Amino acid sequence: MSNNNAVGSLAVAQKAVKQLRLEASVRRIKVSQAAMDLRNFCLQNATKDPLLMGVPSGDNPFRPPKSCTIF
Amino acid sequence: MGEMEQLRKEAESLKDQITAARKAVADATLPDTVSSTAVVGRVQLKTRKTLRGHLAKIYAMHWATDAKLCVSASQDGKLIVWDTLTTNKVNAIPLKSSWVMTCAYAPSGNMVACGGLDNMCSIYNLKGKDGNVKVMRELAAHTGYLSCCRFLSDSEIITSSGDCTCLLWDIETGTQKTTFAGHLGDCMSLAVPGDFKTFVSGACDFTAKLWDIRDSNCTHTFSGHESDVNAIAFFPNGNAVITGSDDATCKLFDLRSDQELITYQDSSIMCGVTSIAPSLSGRLILAGYDDFNVNIWDSLKAERVGVLAGHDNRVSCIGVSTDGMACCTGSWDSFLPSFSFKGQDNVMRLCKQNKQQYL
């Protein structure tokens, strides 16, 4: 019976364990802080968010001008 | 086989450790944190411009950083660069392969890229000396379809592929610099944050992964979706990612606390999410679905606060401009007979906020 499969599976398993060790070691902050930061970012930037707040027609580059004059 | 069993046990133990570590920092929930915040008012976006010119389904679009130009890719075998303010076509680039699935605009505005079933990422120089747009590089190494690509600069681009890997390329030499391997299914989408130091990928193994670009390590794997993750984007502050999946939900994963904070779902929504984009502040999440509707979610309250205009706007891709002014959708109306090019088929629509909303 060939040893290659066994060696291959071992390598895969070793890689998986190495990856899990790395992911287990990351630093994590508290969800309360993370959630608060998200909320604050949204609220602080709300007025700058055109899709949320709308912009006056004059400032809207996509809106056609109300009138035009042809000479 | 002692070592295999040992490794299996260690893997299980590490997975339990990660679960426990996530739970240990879960001292609150997002819904609780925003319980006193009001839901945003109904969002109504009005179509302001229609970009006509593609002759077949638009698969992808990407805004330029100037928030005026954008590029779209269609299976009519063309990349079109649009001036969204005038609706003029700045460039119409014929492609060698019409089976295109993705396109990207370089931050500098000098190049665009695309790829698809040809397994390659083709880079086009928009600012060539003689004014003609030519293929600059053909990046070939993936053994599966190109699902997404994003420029880091004029010299580097990241690609995601159906071969389950992502690659970082040196555009100048046309060679791969780094391989990001780890996903157990086709990589469907990728997103790069403002600092260009990391990127996230969504895949058919139901996970999203955060990668360090320089050392090629995957530092976080986010599970929770019950099917393929088709779409992924960074929350504007760079600390969270939003994903869209075939399981009909979108999720928000926080990077610093390493866990899911909320799911955007509704029992009436039963089809997969194909595209996703946050508004400038992150408060709105625009998500395109397989039924070609776009739902607009309040990202904090996880409530649906709008849809994009009705039956004539069947969406295949979506993008919010870098200044947050407009959302562009690529659409494909299947009700029109295929022999007729009249009417509103295969168009890109730019939508803008219709009226003042109160928070």
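How much of chain A is made up of buried residues? In this predicted model, the figure is 34% of the chain's 71 residues. As for its fold, chain A has three helices and zero strands, so to speak a plain run of α-α-α when you read along the sequence.

Chain B is where we go for strands. Let's start with a sheet there: four strands form an open sheet, and going across it you meet them in the order β18-β19-β20-β21, with antiparallel pairing. At the edges sit β18 (229-234) and β21 (259-264) of chain B, each of which pairs on one side only. From one strand to the next, the twist averages 25 degrees. As a general reminder, strands of a sheet pair through backbone hydrogen bonds, in either a parallel or an antiparallel way.

Zoom in on one pairing in that sheet. Strand β18(B) is joined to β19 (residues 240-245) of chain B by five bridges, and the two run antiparallel. If you want a spot to click on, try I232(B): its bridge partner in β19(B) is T243(B).

Now for a couple of aspartates in chain B. Take D170(B), which you'll find in strand β12 (residues 165-170) of chain B. What is the nearest side chain of opposite charge to D170(B)? That would be K177(B), 4.8 Å away. A salt bridge needs the charged atoms within 4 Å, and D170(B) has none, even though it is buried. Its side chain does have a backbone partner: it reaches the backbone nitrogen of E172(B) at 2.9 Å. Setting aside residues up to four places away in sequence, D170(B) touches S155(B), T175(B) and that lysine, K177(B).

The other aspartate, D212(B), lies in strand β16 (residues 208-212) of chain B. Why does D212(B) count as partly exposed? Its relative accessibility is 25%, and the partly exposed class covers what falls between the buried limit of under 20% and the exposed limit of over 50%. The side chain of D212(B) also reaches a backbone nitrogen, that of R214(B), at 3.0 Å.

Looking past its neighbours within four places in sequence, D212(B) is in contact with F180(B), K197(B), T198(B) and N217(B). For a sense of the spacing around here, D212(B) and V200(B) are 12 residues apart in sequence, while their C-alpha atoms are 9.1 Å apart in space.

Definitions and conventions. Residues numbered from 1 in each chain as written. Chains lettered and ligands numbered in written order. Predicted model: local features only at pLDDT ≥ 70, side-chain atom pairs only at ≥ 80, totals over all residues. Heavy atoms only, no water. Buried < 20%, exposed > 50% of the residue type's maximum accessible area, 1.4 Å probe, protein only. Lys, Arg positive; Asp, Glu negative; His and termini not counted. Polar contact = N/O pair within 3.5 Å; in protein donor to acceptor, adjacent residues only side chain to side chain. Contact = heavy atoms within 4.5 Å. Pairing = 2+ DSSP bridges. Axes fitted to C-alpha atoms, helices over the stretch in contact; angles between N-to-C directions.
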